[in-house]
Amino acid sequence: MANYDYDDALEALNFLKKFITYTPEIAIVSGSGLGDIADIIENKIVIDADEIPNWPSSTAPGHAGRVIAGEILGREVIMLQGRVHYYEGYSMKAVTFSTRVLAMLGVSEYIATNASGAINQAYEPGDIIAVRDHINLMGTNPLIGPNDSRWNVRFPDMSRAYDLVMLEKLRVLNLQEGVYAAFTGPSFETPSEVRVARTLGADLAGMSTVPEVIVANAMGLKVCVLSCVANMAAGIAPNSTLTEQEVLDNMKISSRKLATIITSLIRNQE
């Protein structure tokens, strides 16, 4: 069984390099039901994640489990079509393993997408929100444990976790911004938990992304997160019931819009 340590990451890295002979500039991670973003990638190299040594396999609905390298607007990218989650029973080291490998591969920008529940009543299902900060309510941190200085310093700064330059590019696209609160899941949050998150300043609730953002920052990557509102969080819309299918249905609708935003972001980053 993998320890998800530096040596395991090096083995996965060397496997990927057999197929990817260049250094991708940008990593893109697709969230639940958002795998269609891959349609904007040209000159694709597709790798089944199950073939990569030590790579954890996703069991979550809407996560295909593929790694796709190629180009968007002439810029070399690598995309994770799906991620693994803490609620699947994986350790935080496993959840962030792919982020470690991508950083070792040489990417400099990390664009993550996810599905979320809206706490902010100004949002509606289908909206795409530029995350400007987060609140970690998962009760743990992926950097807990012995520190490997080949990866990052012991105490990384998180005061600018979300790249200000990329945020400014997203403002040009008139996206709303918000703060993302990460819960462990897999149960949806209770109305009282949502009220607590709102009191703390959260606009969105979700079950992913924050561990990877912490590690990406620790390894020096520029981070951008686009959160797709799948539903209103518990207690925000009276008498509503939250379901997995609702999330996947709304994400399917959002996928095309998200692809357009990512293309515009990459174009404006040139």
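These legends go with a set of close-up views of one predicted model. Because the model is predicted, local features are kept only at pLDDT of at least 70 and side-chain atom pairs only at pLDDT 80 or more, while totals for chains, interfaces and linings use all residues. Residues are numbered from 1 along each chain as its sequence is written, and side-chain values use heavy atoms, with hydrogens and water left out.

**View 1. I72 sits in strand β3 and is buried.** Strand β3 covers residues 66-72, and I72 belongs to it. Helices (H or I, at least four residues) and strands (E, at least two) are DSSP runs, numbered from the N terminus. With 2% relative accessibility, I72 counts as buried; the cut-offs are under 20% relative accessible area for buried, over 50% for exposed, and in between for partly exposed (1.4 Å probe, protein chains only). Leaving aside residues up to four places away in sequence, I72 touches I28, I40, I41, V77 and I266, where contact means heavy atoms within 4.5 Å. T263 is 191 residues from I72 along the chain, yet their C-alpha atoms are separated by 7.1 Å.

**View 2. Helix α6 is mostly covered.** This helix spans residues 210-218, and nine of its nine residues are buried. The list runs V210, P211, E212, V213, I214, V215, A216, N217 and A218. What do the buried residues of α6 pack against? The partners are α2 (92-95), α3 (97-105), β5 (109-118), β6 (128-136), β7 (176-182) and β9 (222-232). Look at the two flanks as well. T209, in the loop between β8 and α6, has a positive phi of about 75° although it is not a glycine. T209 is also buried, at a relative accessible area of 2%. Just after α6 comes G220, with a positive phi of about 85°.

**View 3. Strand β7 has parallel partners in β6 and β8.** Six of the seven residues of β7 are buried, so the strand is largely enclosed by the rest of the structure. β6 and β7 run parallel and are joined by seven bridges; two strands pair if DSSP finds at least two bridges between them. One of the partnerships to look for is I135 with A181 in β7. β7 also runs parallel to β8 (residues 204-206), with three bridges joining them. Here Y180 has L204 in β8 as its bridge partner. Between β7 and β8 the chain crosses through α5, and this β-α-β crossover is right-handed. That label applies if, with the strands pointing away from the viewer, the path from the first strand over the helix to the second runs clockwise.

**View 4. The loops on either side of β7 have their own backbone quirks.** N174 lies in the loop between α4 (164-172) and β7. Its phi is positive, about 65°, although N174 is not a glycine. Is N174 buried or exposed? It counts as exposed, at 68% relative accessibility. On the other side, in the loop between β7 and α5, lies P186. The peptide bond from G185 to P186 is cis, with omega near 5°.

**View 5. E25, R75 and E109 share a salt-bridge network.** The structure holds six salt bridges, each a side-chain nitrogen of Lys or Arg within 4 Å of a carboxyl oxygen of Asp or Glu. E25 and R75 meet through their side chains at 2.9 Å, N to O. This pair links distant parts of the chain: E25 is in the loop between α1 (6-17) and β1 (26-29), R75 is in strand β4 (residues 75-81), and they are 50 residues apart. R75 also forms a salt bridge with E109, with 3.6 Å between the closest N and O atoms. That second pair joins strand β4 to strand β5 across 34 residues. E25 counts as partly exposed at 31% relative accessibility, whereas R75 counts as buried at 9% and E109 counts as buried at 7%. Salt bridges that share partners join E25, R75 and E109 into one network.

**View 6. R150 and D148 form another salt bridge.** Their side chains meet at 2.9 Å, N to O. R150 counts as exposed, with 52% relative accessibility.
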